[in-house]
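Colleague: Could you give me a close look at a single part of this model, with its immediate partners and then the wider setting?

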Amino acid sequence: MSLTLTEAVALLKEHDLLVTVVNQNATEFQAVEYDSRKVKTANTLFFCKGVGFQPQYLALAVEKGAVAYVAMQAYDQPVTGIIVKDDQKAMALLSAAFYDYPQNELFVIGITGTKGKTTTAYFTTNALETSTAKKTALISTLNTVLGPKPDQTFKSKLTTPESMDLFADMREAVDNGMNHLVMEVSSQSYLKNRVYGLKFDVGIFLNISPDHIGRNEHPTFANYLYCKEQLLVNAKVCIINREIEVFDQLLQAAKATTDPDKIFVFSQTEQPGVDFVYHSLESNLAESKFELQAKSQKAQELALTGEYVASVPGDYNEGNATAAIISAGLAGATAPMIQAALKQTHIPGRMEVLPTKGHGTVYIDYAHDYASVKRLVAFLRAQTQTKEDRVIVVLGATGDKGISRRQGFGKALSEERADYVILTTDDPGFEDPKAIAEEIDRHIDHDQVGHVEYIADRASAIEKAITMSKNDMVVIAGKGADAYQKVKGQDLPYPSDLVVAKQVIEKLGAQPKK
Ligand SMILES: CC(=O)N[C@H]1[C@@H](OP(=O)(O)OP(=O)(O)OC[C@H]2O[C@@H](n3ccc(=O)[nH]c3=O)[C@H](O)[C@@H]2O)O[C@H](CO)[C@@H](O)[C@@H]1O[C@H](C)C(=O)N[C@@H](C)C(=O)N[C@H](CCC(=O)O)C(=O)O
Ligand SMILES: Nc1ncnc2c1ncn2[C@@H]1O[C@H](COP(=O)(O)OP(=O)(O)OP(=O)(O)O)[C@@H](O)[C@H]1O
């Protein structure tokens with residue numbers, strides 16, 4: 001992989017991003033980097049970007065071999081400086097060029113939404129497994145999969161990687177023989193221009209509710225919506241959930257750049273302009289069965305009508321699965337292939353079900369905002385068998401970010417009348433977990449929620465909930481498959497909610513007979 005100074009300058013000029021070039025002595029770059037600690041070779045082009053950037057990082061990069069840098073200002077360094085109007089946009093464009101536009105060799109499906117991105121990404125990837133002969137790469141909050149070998153799967157750092165990492169990942173996927181890519185597209189990735197200039201073959205918009213607004217994230221809901229909307233503006237084919245409150249605005253955004261014939265709308269209810277309708281047939285504690293109907297000519301042409309079973313319970317997962325079915329169909333999978341895949345999809349930390357003998361049913365779920373906790377508690381309430389069966393909830397709220405979630409949890413637990421709530425620790429960061437719990441508690445309507453208590457140690461909170469449960473639904477919410485607690489800038493090891501719950505069930509001798 002390489003890039004010449006002439007090519008870089010031409011590309012930046014084409015996008016009206018170039019200000020000037022200083023010390024024009026470098027000619028060709030054999031490596032690109034944005035972290036001085038990672039610079040390894042001479043002929044590196046270094047990117048100065050980000051709120052935490054400091055000039056000494058560039059000095060270190062130069063010491064280690066950087067021959068040029070891209071920045072929004074010139075620095076006192078003897079190497080070539082490519083001065084640009086926007087460092088993040090420049091990094092995305094030049095990274096794509098450096099890695100020789102790997103997106104052109106992949107069918108790229110992008111997924112956005114406040115909730116359901118990871119679930120839909122896993123459904124879609126599995127649905128494509130047969131039609132692409134296992135050549136579908138995945139970039140998700142949980143894992144990044146760039147090839148079939150075990151060492152080509154690794155834990156992701158972000159939901160959507162930094163642009164340079166994204167294009168490097170895509171190149172690696174192509175080199176590993178992949179020809180499709182399913183990826184989550186966070187609103188933050190548009191805010192930070194991580195996907196600037198990238199065209200998606202299919203863009204999915206699942207839902208939007210207030211979240212990710214505040215320090216380090218979006219200043220307002222309008223900005224959050226605008227960033228998410230950009231996926232539709234940059235997709236050749238759009239799939240949109242009709243039930244989104246701001247659907248009309250989304251449709252307009254999609255239509256600005258996409259032929260209406262390439263926009264697919266899905267809904268739970270029949271209404272004008274909808275291409276696909278899904279109806280729930282049976283939603284139980286282990287899976288969801290639903291029917292998908294094609295309503296428009298273009299939908300019928302995809303031949304996806306039929307009954308589907310999604311392995312992940314929760315009626316909202318039928319919407320996620322529907323989006324996955326349509327996108328997989330557009331990418332060439334047939335209904336039988338998708339039906340077989342959805343039945344078997346396992347998504348770590350999303351509605352993991354542990355039935356017990358004598359201690360009810362335990363759910364581990366990543367629900368960590370108002371909308372997801374509300375839907376989860378409502379769903380589990382509907383599954384209780386008798387009036388005496390309780391919904392017992394274990395949760396905490398993260399420190400340093402998502403502050404509005406504390407109020408949201410209080411509201412969701414009150415509206416859905418959780419019977420027993422144990423507040424506990426969930427990635428407190430630099431905050432005091434007890435103070436976070438007290439804040440959630442202040443937003444709980446104690447006339448609606450049976451009982452609320454605080455147990456600082458998460459494993460002990462889980463143990464108490466399962467031990468006290470008889471025929472109840474125990475929900476351990478918020479951390480999903482995370483095997484750490486984020487405390488004061490460190491990831492402290494934590495066995496994960498699933499492992500803790502299994503240990504408790506074993507200790508109680510409550511494993512169900514196989
Ligand atoms: C607010 C935000 O998005 N920040 C991201 C951004 O940081 P930044 O560009 O400001 O960079 P920085 O960390 O201040 O560091 C400045 C620069 O100095 C460099 N550096 C630093 C130290 C050094 O010794 N040498 C050096 O060169 C760094 O590599 C960096 O390029 O770029 C970094 C990678 O270059 C990301 O790690 C970082 O994500 C932070 C950790 C984060 O928490 N982001 C969250 C909000 C996020 O992006 N979340 C979304 C999901 C949200 C959703 O579900 O919708 C996501 O896509 O993951
Ligand atoms: N369509 C939906 N509506 C409401 N809640 C949902 C929906 N889909 C999933 N959830 C809930 O949200 C949780 C997170 O789901 P998932 O990881 O798929 O979403 P995500 O968009 O990737 O989340 P995040 O951005 O927080 O990583 C699930 O565990 C479930 O409780």
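Modeller: Two strands are counted as paired here if DSSP finds at least two bridges between them. The model is predicted, and the part I have chosen is strand S9, residues 136-139.

S9 pairs with strand S12, residues 180-184, through four bridges, and the two strands run parallel. Within that pairing, Thr-136 of S9 has His-180 of S12 as its bridge partner. S9 also pairs with strand S10, residues 143-145, here in the antiparallel sense and over two bridges. In this second pairing Leu-138 is matched with Val-145 of S10. Three residues separate S9 from S10, and the two strands form a hairpin.

The faces of S9 deserve separate attention. In a regular strand, side chains alternate between the two faces of the sheet. In S9, Thr-136 and Leu-138 lie on one side, while Ala-137 and Ile-139 lie on the other. All four of these residues are buried, so both faces of S9 are covered, a residue being called buried when 20 or more other C-beta atoms lie within 10 Å of its own.

As for the wider setting, the largest nonpolar core comprises 156 residues, and Val-70, Val-393, Val-475 and Ala-501 have the most contacts inside it. Helix H3, residues 87-98, gives the most to this core, contributing eight residues. Beyond its neighbours within four places in sequence, Val-70 is in contact with several residues, among them Leu-45, Phe-47, Ile-82, Ala-90 and Leu-94.

Notes
Residues numbered from 1 in each chain as written. Chains lettered and ligands numbered in written order. Predicted model: local features only at pLDDT ≥ 70, side-chain atom pairs only at ≥ 80, totals over all residues. Buried ≥ 20, exposed ≤ 12 C-beta atoms within 10 Å, placed from the backbone. Core = buried A, V, L, I, M, F, W, Y, C linked by C-beta atoms within 7 Å. Contact = placed C-beta atoms within 7 Å.
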